[in-house]
Amino acid sequence: MISVLAQPGSNILLPKPGFPLYESRTTFSNLEVRHFNLIPERGWEADLEGVQALADENTVAIVIVNPNNPCGSVYSYDHLGKIAETARKLGLLIIADEVYDHLAFGSKPFIPIGVFSETVPVITLGSISKRWLVPGWRLGWIATCDPNGVLKEAKVNQSIENYINISTDPATFVQGAIPQIISNTKEDYFNKIVDLLRKSADLCYDKIKDIRGITCPHKPEGSMFVMVKLDLSFLDGFCDDMDFCCRLAKEESVIVLPGSALGMKNWVRITFAIDIPSLEDALERIKSFCQRHGKLET
């Protein structure tokens, strides 16, 4: 989609924190990147005032990731409606990354932003990799939600088809298997995955509360990840999140992603999509690490 929309002098709005591939792909396509903030104190909702300040006549699209990687948030119907209305006012196309669409397990149900396509055209990105747990297959899809024909009139649909003809495809035998996989996978398979993620997210959130030096502003409600904030005033001898993550890996053999890689310095992303015993062990190691490097209370 970024390649299709790339025009000299154009820019695109990306969320911060966000998946790094978006920025690297945008830079490769010679588009200017403009980041809008996700607000941790509001469940990682998009800062729509910031969006309005960033956009101009050269802005081609805004990317919305829901359920969110790396934050673990799921947007409400009300917030999605406000995003759609903001995009309409600014004349923007919405690129909706919804690859975690069926992995919502909190109090808010997943709602596709395509339900607001009467308000604004939406390009929805989906994937088999998350719900079916086969990321190595590298197979996804693009759906246009455009009842008013805006994209068709602008020939965006044709541009997508043209670009697909010159880009690499997933293996043909994987493509051939997709219809049966989608039709024949039993609901019990998905229920077990969502139940495991719910239990893992609850455990992760509760355990983090007991670790001095890191805080979690919002309980994860979807995807497989949660963002936690480092409070270096409680920890001794760390320069930043990169330093914290490298030493944690060296001393405890626990790997977490530095927030700097996602645009959030002194935050880290924790993945909870592992078996409960391993997750408990990892969180205990993080707790021990923080205690060992904690500043003495005065």
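**Notes on the fold: two open sheets and what surrounds them**

1. Let me begin with the four-stranded sheet: it is open, its strands come in the order 8-9-11-10, and the pairing is antiparallel. Strand 8 (214-215) and strand 10 (257-258) are the edge strands, each pairing on one side only. Keep in mind as you read that this is a predicted model.

2. Here is a closer look at one edge of that sheet. Strand 8 and strand 9 (residues 225-230) run antiparallel and are joined by two bridges. For a concrete pair to click on, take I214, whose bridge partner in strand 9 is L230.

3. Now the other sheet. In what order do its seven strands lie? The order is 3-2-1-4-5-6-7, again in an open sheet, and here the pairing is mixed. Strand 3 (45-46) and strand 7 (140-145) stand at the edges; each has a single partner strand, so one side of each is left without a neighbour in the sheet. As a reminder, strands of a sheet pair through backbone hydrogen bonds, in either a parallel or an antiparallel way.

4. Strand 1 (residues 11-16) is a good place to start inside this sheet. Five of its six residues are buried, so the strand is mostly covered. Its pairing with strand 2 (residues 32-39) is parallel and runs over six bridges, and K16 has N37 of strand 2 as its bridge partner. To get from strand 1 to strand 2, the chain passes through helix 2 (residues 20-28), and this β-α-β crossover is right-handed.

5. Strand 1 also pairs with strand 4 (residues 59-65): three bridges join the two, and they run parallel. Two places to check this by eye are N11, with T59 of strand 4 as its bridge partner, and L13, which stands opposite I62 in strand 4. Strand 4 is mostly covered as well, with six of its seven residues buried.

6. What comes after strand 4 in the sheet order is strand 5. Strand 4 and strand 5 (residues 93-97) run parallel and are joined by five bridges; I64, for instance, stands opposite A96 in strand 5. The chain crosses from strand 4 through helix 4 to strand 5, and this β-α-β crossover is right-handed. If you're tracing side chains here, remember that in a regular strand they alternate between the two faces of the sheet.

7. Helix 4 deserves a stop of its own. It covers residues 77-90 and holds T86. Is T86 buried or exposed? T86 counts as buried because its relative accessibility is 9%, and the cut-off for buried is under 20%. Leaving aside residues up to four places away in sequence, T86 touches L48, V51 and Q52.

8. For contrast in setting, try T144, which is found in strand 7, one of the edge strands of the seven-stranded sheet. T144 has 38% relative accessibility and therefore counts as partly exposed. With residues up to four places away in sequence set aside, T144 touches V122, I123, L151, N157 and I160. One distance to check: the C-alpha atoms of T144 and T124 are separated by 6.3 Å, although the two are 20 residues apart along the chain.

9. Zooming out, the secondary structure of the chain comes to ten helices and eleven strands. How does the overall size fit a compact globule? The radius of gyration is 20 Å, which agrees with the value near 19 Å for a compact globule of 298 residues. Along its principal axes, the C-alpha trace spans about 65 × 45 × 35 Å.

10. A few totals on packing and surface. Buried residues account for 48% of the 298 residues in the chain. If you take contacts between residues at least 6 apart in sequence, 68% of them join residues at least 24 apart. The accessible surface of the chain comes to about 15000 Å², and carbon and sulfur atoms hold 52% of that.

11. Last, the record. An unreviewed UniProt entry carries the annotation "domain: Aminotransferase class I/classII large" over residues 4-286. In the model, that span is 36% helix and 19% strand, and its end C-alpha atoms lie 43 Å apart.

Note on methods. Residues are numbered from 1 along each chain as its sequence is written. This is a predicted model: local features need pLDDT of at least 70, side-chain atom pairs count only at pLDDT 80 or more; totals for chains, interfaces and linings use all residues. Side-chain values use heavy atoms; hydrogens and water are left out. UniProt positions are given in the numbering used here, feature names are shortened, and annotations may be inferred rather than shown by experiment. Buried means under 20% relative accessible area, exposed over 50%, partly exposed in between (1.4 Å probe, protein chains only). Contact means heavy atoms within 4.5 Å. Two strands pair if DSSP finds at least two bridges between them. The radius of gyration is taken over C-alpha atoms; the globule rule is 2.2 Å times the number of residues to the power 0.38. Accessible areas come from the Shrake-Rupley method with a 1.4 Å probe; for residues, only the protein chains shown count as cover. A crossover is right-handed if, with the strands pointing away from the viewer, the path from the first strand over the helix to the second runs clockwise.
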